[in-house]
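Here are my notes on the model, set out as numbered points for your review. Please read them alongside the coordinates.

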Amino acid sequence: MSVHTQFTPALDRNLALEVVRVTEASALAAARRTGRGDEKAADEAACGAMRRALNGVSMTGVIVNGEGEDETQPLHTGERVGTGKGPNIDIVLTALEGRSICARGASNALSVVAMTEEGSFLKVPQHTYMEKLAVGPGLPPGVINLDSTPEENLARIAAARHVQIADLTVSILDRPRHVDLIDRVLVAGARVMLFDDGDVSGALATGLPDTGIDIYMGSGGAAQGVLAAAGLKCLGGQMQCRLLMRSEEDHAQARRVGITDSRRKWDIDDMVKGEVMFAATGITDGHVLKGARLLPVNRAISHSLVMRSLSGTIRYLTVQHDLSRGLLAL
């Protein structure tokens, strides 16, 4: 039996629509707290709304990489969600990617969920970072390599696209640890697009049309790396990741989730073994999606993206909501 046939019954179109309802709920909850300067309140609102929406989905779901390991925290790793009736589903998520940018009303805050059948997602340690390198579709296999220098990767990508390095744009998280990387990319001749936060959106943008981003480079959260890999699998992109071990505690956390080779490189099929569905809803405007809009008379508009790797479809949804009926009525 082929992999595609094996994964079709659980990840059907109906479940894909349920997934985007989940991200809509969390995004709208966070949008009510956008620009209010309170990261914790925005995150709690998003997590609570996402948890309630997930528990209304007809599935037996387990969060593989969640918002933390504390069992008192909503959406923690290992938490069971769904109605308990339906297919066994593994979930990776971030209810609010970009807590600080949501609190400040800045760009690129998203709510994101990916689902696959049981046992398909790579389990990664919480609070651990990854080196990441990603490109979109249409490039030959093996065009990127974490063991190569930034200059070598840029040269190969430019050659594969039949352009100059000066024609490439690289998205990089704006962090002190990336100062040397940014300098090297600029000296090589490529453009740099810095973003304040939003590790998933930075990688995802490489695979979406009209973002103007060709490559994602740098390091960020490990759980967000798996989530980005799920999105890029739907888009036909390429990604390589490797854990960054900063302490003995990082090594211990990796061993606890079953990772014995902390220097191993993973590609998309290592991180997401089966077919996957992916949904994201904008909270604030960004290069992937427009943000949610709160309207008078208890109404709102959301902008979402929902994808399935099996079909390769990319759907953009603009939805108007009546908030007087509650977020679970979305």
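1. The chain carries 10 helices and 14 strands, where helices are DSSP runs of H or I with at least four residues and strands are runs of E with at least two, numbered from the N terminus. This is a predicted model, in which local features need pLDDT of at least 70 and side-chain atom pairs count only at pLDDT 80 or more, while totals for chains, interfaces and linings use all residues. Residues are numbered from 1 along each chain as its sequence is written, and side-chain values use heavy atoms, with hydrogens and water left out.

2. On overall dimensions, the chain has a radius of gyration of 19 Å, which agrees with the value near 20 Å for a compact globule of 330 residues; the radius is taken over C-alpha atoms, and the globule rule is 2.2 Å times the number of residues to the power 0.38. The C-alpha atoms fill a box of roughly 55 × 45 × 40 Å along the principal axes.

3. Of the 330 residues, 55% count as buried, meaning under 20% relative accessible area with a 1.4 Å probe and protein chains only. Among contacts (heavy atoms within 4.5 Å) with a separation of 6 or more, 69% join residues 24 or more positions apart.

4. The largest nonpolar core, a set of buried Ala, Val, Leu, Ile, Met, Phe, Trp, Tyr and Cys residues joined through side-chain atoms within 4.5 Å, has 45 residues, and those with the most contacts inside it include F121, M239 and F278. Elements that each supply at least two residues include β4 (110-117), β9 (238-244) and β13 (299-308), while the largest share, 10 residues, comes from α8.

Note on methods:
Buried means under 20% relative accessible area, exposed over 50%, partly exposed in between (1.4 Å probe, protein chains only).
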